[in-house]
Amino acid sequence: MSAPLKRPSPNFGPRRDGLRPSLVVLHYTGMDSVEAALERLCDPCAQVSAHYLICPAGRLWQLVDEAQRAWHAGAGAWQGMQDINSRSIGVELANDGETPFPDPQIRVLERLLAQIMARWQITPADVIGHSDMAPMRKDDPGPRFDWRRLALQGLAVWPEGMGPDLPLTDSLDRIGYPPADADKRLHAFRARFRPWACGAGQAQPREGAQDRRRASAVAAGFDRAREVPSA
Ligand SMILES: [Zn+2]
């Protein structure tokens, strides 16, 4: 991967309370063009940014230094942690939310993630989507994003299969989802871990045993992934 192209954004500040990056948050831009996304992420009036933007063809832009606090995550929480901006590195994928993510874009993401995770000792369990930490207001990176592909390379958590039929709320809390409207949490959970339940005509409004069993398997997978061996 060649060095990122630089397009400095003014939309950042210092990380608070001496926090270091311990999470990576993945986004899609939700915009039609890369140029429009770059402009918005660098517009002082927009007050938003990210550390990186990856174009569909695989071009990588760096907008904010990793040591700084980029403004990409906003209100939300993960595993009870607030101020996700101070704790994370934000990666935007130029995508309108409808189109599949092209392979060259994901290959660059994979190489970038591996580097970020090595630099900051970030584990696969700590690579999350924007909708994971903000299920009440965000849908990205959406059900088209292939988390399983990342997990196969040790870049995210994707437990296979189903677990026991346990209360959904407990499993979602255990995974790390913040308190939110139950439908919104279910929607965010399905988008990431049951994307096949998100297709047109398949949307089930209410939770079912398949959601509960999938969530308990995912929660157990996160538990395993977070058992960091004490070296
Ligand atoms: Zn986002």
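This is a short exchange about a strand, its partners and a few loop residues.

User: What kind of model is this, and how are residues numbered?

Analyst: Residues are numbered from 1 along each chain as its sequence is written. The model is predicted: local features need pLDDT of at least 70, side-chain atom pairs count only at pLDDT 80 or more, and totals for chains, interfaces and linings use all residues.

User: Why is Gln 79 called partly exposed?

Analyst: Count its neighbours. A residue is buried if 20 or more other C-beta atoms lie within 10 Å of its own, exposed if 12 or fewer, and partly exposed in between; C-beta atoms are placed from the backbone. Gln 79 has 17 C-beta neighbours inside 10 Å, so it counts as partly exposed.

User: Why does Asp 83 count as partly exposed?

Analyst: Asp 83 has 16 such neighbours, so the verdict is partly exposed. Asp 83 lies in the loop between β6 and α2.

User: What is the phi of Asp 83?

Analyst: About 45°, a positive value, although Asp 83 is not a glycine. Most residues other than glycine have a negative phi.

User: How many residues of strand β3 are buried?

Analyst: Six of its six, residues 23-28. Leu 23, Val 25 and His 27 point one way, and Val 24, Leu 26 and Tyr 28 the other way. Strands here are DSSP runs (E, at least two residues), and helices are runs of H or I, at least four residues, numbered from the N terminus.

User: What makes β3 and β7 a pair?

Analyst: Pairing takes at least two bridges found by DSSP. β3 and β7 have six, in the parallel sense. One bridge partner is Leu 93, for Tyr 28.
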